[in-house]
Amino acid sequence: MQLIHSTLEIGLEKPLKILHVTDSHIALADERDSERKHALAKRLGAPEKELFFSEHLAYGKAHCDLLVHTGDLIDFTSQANFDFARKVLAEEKVFFAAGNHEFSQFVGEAYEDRAYKMNSFREMQPGLGAPLFFNSRVLGGVNFVAIDNSYHQFEPWQLTRLKKELAKGLPIVLCVHVPLFEQALYDYHVSRTGKGSSCYLCGCEDEDLLPDDEWRAIEIRPRGITTEMVSFIKEQELIKAVLSGHVHFSFESLLSPGMPQYVTGGGYDGTARELTIL
Ligand SMILES: [Fe+2]
């Protein structure tokens, strides 16, 4: 396990310690799952992934007030993965925002849209034990709000719900899977992946979508309320920080003055961030 340490000062009376974990990509299959799922588990599974997750969970429970997982806890939909996720989400100290892989049926084989996501969700009957599309929890005077933007989009009802959370008047730590667009993060992302690859951020301008990859551009291009939602979030003084993952590298920058976004690297290789909120 490799821990990154960050500190956020928002004027709390008593400090809070958060363990931010993301992108664990657990890949399991058992006798209830099909041969294709077993093949995926064989190709994508690794004992280290489970070992690192156990370490993260143990550390979070022993040393932190909350473990925030921002999605891709599992790599694909399978009965064995659902059981794993249900067990994790039943932990009192775990707070969860869904990622795209929670809804991935065979990893990268399909155009992923709302219909695909909802078919995957239906497979989870009766769900994973925690709300996957919007959730909130108040702890130590901080409102942790999780919003599913795992397909790079927000929906109008999520903006309505976010406004209700803001009306509570508490400082908010926003938890999303896909990082919100910010220029320094974008530039770093492109420098790592190279021109011509995709921009995996939420709220990219059209010219930032890298036209060499039309497939991804169609998926990622902000639709509906997404651009408005990203701008709205950046304007909210009560939103004190954003936690996100998805890109599998760690990065810290400001979305707007006083609003850091902590992108944390993949939990599958042991990375986690210990965030002290003061
Ligand atoms: Fe992801």
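Leaving aside neighbours within four places in sequence, Gly 71 is in contact with Thr 22, Ala 97, Ala 98, Gly 99, Glu 102, Ser 150, His 177 and Gly 245. This comes from a predicted model, and Gly 71 makes a handy way into it. The glycine sits in the loop that links β3 to α3 (79-89). Gly 71 counts as buried because 27 other C-beta atoms lie within 10 Å, where 20 or more are needed. One of its contacts, Gly 245, is 174 residues away along the chain, yet the two C-alpha atoms are separated by just 7.5 Å.

Now for the whole chain. Contacts between residues far apart in sequence turn up throughout the protein: among those joining residues at least 6 apart, 73% link residues at least 24 apart. Eight helices and eleven strands make up the secondary structure. The C-alpha trace spans about 50 × 45 × 35 Å along its principal axes. For 278 residues, a compact globule would be expected to have a radius of gyration near 19 Å, and the 18 Å found here agrees with that. As for burial, 43% of the 278 residues make the cut.

Next come the sheets. One of them is open and has five strands, in the order β1-β11-β2-β3-β4, with mixed pairing. Its edges are taken by β1 (2-8) and β4 (94-96); each has a single partner strand, so one side of each is left without a neighbour in the sheet. On average, neighbouring strands of this sheet are turned by 25° against each other, direction ignored.

The mixed pairing shows up when the strands are taken pair by pair. β2 and β11 are antiparallel, with five bridges between them, and Leu 16 has Ile 277 of β11 as its bridge partner. β2 and β3, on the other hand, run parallel and are joined by four bridges; here His 20 stands opposite Val 68 in β3. The pairing of β3 with β4 is parallel too, over three bridges, and His 69 is matched with Phe 96 in β4.

Which way do the residues of β3 point? Leu 66 and Val 68 point one way from the strand, while Leu 67 and His 69 point the other way. That fits the usual pattern, since side chains in a regular strand alternate between the two faces of the sheet. All four of these β3 residues are buried.

Helix α2 lies across β2, β3 and β11, and runs at about 170° to β2. How far should α2 span, and how far apart are its ends? At 1.5 Å a residue, the 17 residues of this helix (residues 47-63) should span 24 Å, and the end C-alpha atoms are indeed 24 Å apart. The buried residues of α2 are Lys 49, Phe 52, Phe 53, His 56, Leu 57 and Gly 60. These cover an arc of only 135° around the axis, which means they sit on the same side of α2. What covers them includes β2 (16-21), β3 (66-69) and β11 (271-277). Over on the other side of α2, the exposed residues are Pro 47, Glu 48, Leu 51, Ser 54, Ala 58, Ala 62 and His 63.

Another open sheet has six strands, in the order β5-β6-β7-β8-β10-β9, and again the pairing is mixed. The edge strands are β5 (134-139) and β9 (251-256), each of which pairs on one side only. From one strand to the next, the twist averages 20°. At the β9 edge, five bridges join β9 to β10 (residues 259-263) in an antiparallel arrangement, with Phe 251 bridged to Val 263 of β10.

Helix α8 (residues 226-235) can be read in the way α2 was. Its buried residues are Thr 226, Met 229, Val 230 and Ile 233. They cover an arc of only 100° around the axis, so they belong to the same side of α8. The cover over these residues includes α5 (156-166), β7 (172-175) and β8 (239-244). On the other side of α8, Ser 231 and Glu 235 are exposed.

Terms used
Residues numbered from 1 in each chain as written. Predicted model: local features only at pLDDT ≥ 70, side-chain atom pairs only at ≥ 80, totals over all residues. Helix = DSSP H or I, 4+ residues; strand = E, 2+ residues; numbered from the N terminus. Expected span 1.5 Å × (residues − 1). Buried ≥ 20, exposed ≤ 12 C-beta atoms within 10 Å, placed from the backbone. Arc of directions from axis to C-beta. Contact = placed C-beta atoms within 7 Å. Rg over C-alpha atoms; globule rule 2.2 N^0.38 Å. Pairing = 2+ DSSP bridges. Axes fitted to C-alpha atoms, helices over the stretch in contact; angles between N-to-C directions.
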